[in-house]
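Hi,

Here is the structure I said I'd pass along. Have a look at it first, and my notes on the spaces inside follow below.

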Amino acid sequence: MSDETSNEKAGQPGTARKHTALPKAQILIEALPWLTRHNGKIVVIKFGGNAMIDEDLKAAFAQDVVFLRQAGLKPVVVHGGGPQINAQLDKQGLVSEFKAGLRVTTPEAMDVVRMVLAGQVQRELVGLLNQHGPLAVGMTGEDAHTITATKHSPQIDGEVIDIGRVGEITAIDTGAIEALLSDGRIPVISSIARSADDHHVYNVNADTAAAALAASLGAETLMVLTDVEGLYADWPHSDEVISKLTVSELEKLLPELSSGMVPKMEGCLHAVRNGVNTARVLDGRVQHSILLEIFTDSGIGTMVVPDPQPGQQPGGAE
């Protein structure tokens, strides 16, 4: 009998084995408060940017979403498809034109938008998610009247301009999404809307659609994937990222933001003003950015929170 064995039998501790997996256990324990807080809650994720076109990032995104679902959350994915739409328009010889930061969507372009979003981007994403089980179900805003819109007519220098089949959301019906969530599925929604007043369908900004759905679903959080680290404090003079700000602080910053960030931050503002607990802008170029943000102490990106109530510390809504 070895000395070690005899010592253990005598009630003395033996030499502790070094467990190489211990750091993994510590990471899981760090996630426990977040898992507890978000259990059973709806999380709306807007999928976009480089995460949509890089194969490794797409696979990591799908893993993150499935992880959320398996961890007891209820993820809902909303997507656009700018790069894929541009590529298909070029292939068909149709010009991509933008006015007021929005794609001018002719009837011919709308056919391409509808085909690419529902027939290409959505199908690929559903396929990636369903590699992990029979989880994802694709739909568009047209299905079950989920998103209804009217023609959007923006103004430039006080003049109303026509940008074609671009919609402004007028109503959300969450019935189909809630039915899928109740069945344990992951809804994957293309940002196309039915018309409220004619027989057309409309192209809707995916950031705007995700925010409207998050508010109507009473989501715990809205997560928007971008191609930047978050909201910069003083861009382009500084690359310091604002980690957290209130809706009032964000409202003051909106006029100074770059055109690409405006719909994302307006979406965050709308969501939090309408009952979503937090809205987050994340760098979709980072693998597993969703898990890093939602399940770690440090987090990444920028988080928008409600204004503090009287007697509450700023950011206390987190």
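**Cavities and the pocket**

The largest cavity comes out at about 50 Å³. Bear in mind that this is a predicted model. The count is 3 cavities of 30 Å³ or more.

Back to the largest cavity: its walls include Ala 51, Leu 57, Ala 60, Phe 61 and Asp 64, and also Leu 225. The rest of the lining is Gly 284, Val 286, Gln 287, His 288 and Ser 289. Helix 3, residues 55-70, is the top contributor here with 4 residues. Sorted by class, you get 6 nonpolar, 4 polar and 1 charged residues around that space.

The second largest cavity holds about 40 Å³. Around it sit Phe 47, Met 52, Lys 58, Gln 84, Val 121, Glu 124 and Leu 125. This time helix 5 (residues 107-129) gives the most, with 3 residues. The class split for the second largest cavity is 4 nonpolar, 1 polar and 2 charged.

Now for the open space. How much volume does the largest pocket have? About 1200 Å³. Its lining runs to 46 residues, and the ones nearest the centre are Gly 101, Leu 102, Asn 205, Asp 207 and Pro 263. If you want a place to centre your view, those five are listed as lying nearest the middle of the pocket.

Which elements build the pocket wall, with at least two residues each? On the strand side they are strand 1 (42-47), strand 4 (102-103), strand 9 (167-172) and strand 13 (221-226). The helices are helix 4 (82-91), helix 7 (206-217) and helix 9 (262-273). Helix 9 supplies the largest share of the lining, 6 residues. By class, the pocket lining has 21 nonpolar, 18 polar and 7 charged residues.

One last residue to look at is Thr 174, in the loop between strand 9 and helix 6 (175-182). Is Thr 174 buried or exposed? Its relative accessible area is 11%, so Thr 174 is buried, given that the cut-off for buried is under 20%. Setting aside neighbours within four places in sequence, Thr 174 is in contact with Ser 216 and Leu 217. Both of those positions fall within helix 7 (206-217).

That's what I have on this one.

Cheers

Technical notes
Residues are numbered from 1 along each chain as its sequence is written. This is a predicted model: local features need pLDDT of at least 70, side-chain atom pairs count only at pLDDT 80 or more; totals for chains, interfaces and linings use all residues. Side-chain values use heavy atoms; hydrogens and water are left out. On a 1 Å grid over the protein atoms alone, a cavity is a set of points where a 1.4 Å probe fits but cannot get out, and a pocket is an open set with protein on both sides within 12 Å along at least five of seven lines; lining residues have an atom within 4 Å of a point. Grid points are joined across faces, edges and corners, and a volume is the space filled by probe spheres set on the points. Ala, Val, Leu, Ile, Met, Phe, Trp, Tyr, Cys and Pro count as nonpolar, Asp, Glu, Lys and Arg as charged, and the others, Gly among them, as polar. Buried means under 20% relative accessible area, exposed over 50%, partly exposed in between (1.4 Å probe, protein chains only). Contact means heavy atoms within 4.5 Å.
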